[in-house]
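Got your viewer open? Load the model and follow along, one selection at a time.

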Amino acid sequence: MKKKAFKERSDFPIEYFTGEPHLELYGNTQCVVDGLKSVLEYSAERIKLSVGKRAVTFIGQDLFINSFSPEGAVVEGFIAAMEFSDAC
């Protein structure tokens with residue numbers, strides 16, 4: 001009940017407050033990932049991140065993590081595709 005009442009007073013998605021992962025894609029060159037648990041794979045063509053119970057894989061060219069913190073990361077480069085799977 002409190003979550004619903006808060007959501008009605010806020011422009012932010014409820015996921016920001018529940019600890020759920022949140023991804024924001026800006027065109028095909030940048031993705032902000034909140035809720036990052038760990039980096040599972042890292043190369044210029046593939047970056048795989050653990051985000052809670054799931055994993056997200058970025059596939060593209062010249063990929064890199066521009067900023068990294070315990071809360072999240074910013075993946076940049078040419079993002080051709082994103083795949084979601086169960087975390088390993």
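Start by selecting Asp86: this residue is exposed, at 55% relative accessible area. Keep in mind that you're looking at a predicted model. Now add Arg54, whose side chain meets that of Asp86 in a salt bridge, 3.2 Å from N to O. Asp86 belongs to strand 6 and Arg54 to strand 5, so this pair ties together parts that sit 32 residues apart in sequence. Arg54 itself is partly exposed, with a relative accessible area of 45%.

Next, select the two strands themselves. Strand 5 covers residues 54-68 and pairs with strand 6 in the antiparallel sense, over 12 bridges. Together, strand 5 and strand 6 make a hairpin, with 3 residues between them. For a spot to zoom in on, pick Thr57 and look across to Glu83 in strand 6, which stands opposite.

Stay with strand 6, residues 72-86, and bring in strand 2, residues 30-34: these two run antiparallel and are joined by 5 bridges. Click Gln30 here, and you'll find Glu76 of strand 6 opposite.

How many salt bridges does the count come to? The count comes to 2, so there's one more stop, if you go by the rule of a Lys or Arg side-chain nitrogen within 4 Å of an Asp or Glu carboxyl oxygen. Select Glu41 and Arg46, whose side chains meet in a salt bridge at 3.1 Å, N to O. Glu41 is partly exposed at 31% relative accessible area, and Arg46 is also partly exposed, at 30%.

Conventions. Residues are numbered from 1 along each chain as its sequence is written. This is a predicted model: local features need pLDDT of at least 70, side-chain atom pairs count only at pLDDT 80 or more; totals for chains, interfaces and linings use all residues. Side-chain values use heavy atoms; hydrogens and water are left out. Two strands pair if DSSP finds at least two bridges between them. Helices (H or I, at least four residues) and strands (E, at least two) are DSSP runs, numbered from the N terminus. Buried means under 20% relative accessible area, exposed over 50%, partly exposed in between (1.4 Å probe, protein chains only).
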